[in-house]
Amino acid sequence: IDAWTQNIIPKHDAYLALLGARQKYAEIAKNGGFINIANAGTVKLGQSNEIIGKLRNRLAQENYNTIAPQDPNYFDEGLKAKLTLYQKMHGLKQNGELNENTIKSLNVSAKDRLAQIDLNLERERWLPRNNPPTRIEANIPTQYLTYYENSAPKLNMNVIVGKVSTKTPILAS
């Protein structure tokens with residue numbers, strides 16, 4: 001029975017990456033969750049205040065680590081780059097500024113992120129156990145498509161995805 005149950009678990013990279021992320025987020029939730037970021041209006045490159053130090057620490061909780069300048073409360077280029085990457089990975093406007101929408105995303109609890117991961121693990125179980133070597137994958141939150149040939153990425157592009165009234169379907173064919 002052990003061999004059979006191990007054989008039904010998906011083995012592709014996306015599923016395995018989600019399992020790793022689940023473990024990380026479960027640990028964060030167990031240890032008190034994410035640092036909360038207060039809404040302080042728009043904060044951007046060149047500014048300095050204590051929210052920036054909290055932002056730097058909050059991003060580090062999800063491995064968006066930066067090398068802090070001499071003043072960790074200073075918004076430098078490194079922090080802007082990591083914040084822009086966070087915004088991209090969470091489907092937000094990528095401007096490298098701490099704004100209301102980014103703060104809302106940062107303040108989603110670790111337990112809620114864990115629930116999202118669990119939901120995505122279930123969705124991954126619906127897909128084929130092994131990805132075909134030639135395929136198209138669309139990352140809906142980041143609005144990005146990758147075409148794979150012989151299991152190697154050959155083409156990347158932005159795509160338009162659905163909205164609440166016209167949802168993007170999840171399918172394999």
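Select Arg135 and look across to β2: the residue standing opposite is Tyr148. This is a predicted model. Now show both side chains. The charged end of Arg135 sits over the ring of Tyr148, 4.0 Å from the ring centre.

**The sheet**

Widen the selection to β1, residues 135-139, and β2, residues 144-149. These two strands pair in the antiparallel sense, over five bridges. Follow the chain from β1 into β2. The hairpin has four residues between the strands. Stop at Gln143, which takes a positive phi near 55 degrees.

Add β3, residues 152-158. Six bridges join β3 to β2, and the two run antiparallel. To see one partnership, pick Leu145 and find Met157 in β3, its bridge partner. Then go to the turn. The β2-β3 hairpin has two residues between its strands. Asn150 lies in that turn and has a positive phi of about 55 degrees.

Step back and view the three strands together. What is their order? The open sheet runs β1-β2-β3, with antiparallel pairing. Why is one side of β1 and of β3 left without a neighbour in the sheet? Both stand at the edges with a single partner strand each, so one side of each has no neighbour there. Turn the view to follow the twist, which averages 20 degrees from one strand to the next.

**The aromatic pairs**

Leave the sheet and colour the aromatic rings. How many aromatic pairs does a search of the whole structure find? It finds two.

Select Tyr25 and Phe34 for one of them. Their ring centres are 6.0 Å apart. Their planes stand at 80 degrees; planes over 60 degrees apart count as edge-to-face, so this pair is edge-to-face. Are these residues buried or exposed? Tyr25 is buried, with a relative accessible area of 9%. Phe34 is buried too, at 13%.

Next, select Tyr64 and Tyr86. Their ring centres are 5.5 Å apart and their planes are at 75 degrees, so this pair is edge-to-face. The pair links distant parts of the chain. Tyr64 is in the loop between α3 (50-61) and α4 (77-89), while Tyr86 is in helix α4, 22 residues apart. Check the accessible area of each. Tyr64 is buried, with a relative value of 11%. Tyr86 is buried, with a relative value of 0%.

**Arg58 and Glu62**

Go back to Phe34 and add Arg58. Here the charged end of Arg58 sits over the ring of Phe34, 3.7 Å from the ring centre.

Keep Arg58 on screen and add Glu62. A polar contact of 2.8 Å joins their side chains. Where is Glu62? Its place is in the loop between α3 and α4. Glu62 is buried, with a relative accessible area of 5%.

Now show what surrounds Glu62. Leaving out residues up to four places away in sequence, Glu62 touches Lys24, Tyr25, Phe34, Tyr86 and His90.

**Last view**

Keep Glu62, Arg58 and Phe34 displayed together. Glu62 touches Phe34, Arg58 has its charged end over the Phe34 ring, and a polar contact joins Glu62 to Arg58. Add Tyr25: its ring pairs edge-to-face with that of Phe34, and Glu62 touches Tyr25 as well.

Notes:
Residues numbered from 1 in each chain as written. Predicted model: local features only at pLDDT ≥ 70, side-chain atom pairs only at ≥ 80, totals over all residues. Heavy atoms only, no water. Pairing = 2+ DSSP bridges. Axes fitted to C-alpha atoms, helices over the stretch in contact; angles between N-to-C directions. Phe/Tyr/Trp six-rings, centres within 6.5 Å; stacked < 30°, edge-to-face > 60°. Buried < 20%, exposed > 50% of the residue type's maximum accessible area, 1.4 Å probe, protein only. Lys NZ or Arg CZ within 6 Å of the ring centre and 35° of its normal. Polar contact = N/O pair within 3.5 Å; in protein donor to acceptor, adjacent residues only side chain to side chain. Contact = heavy atoms within 4.5 Å.
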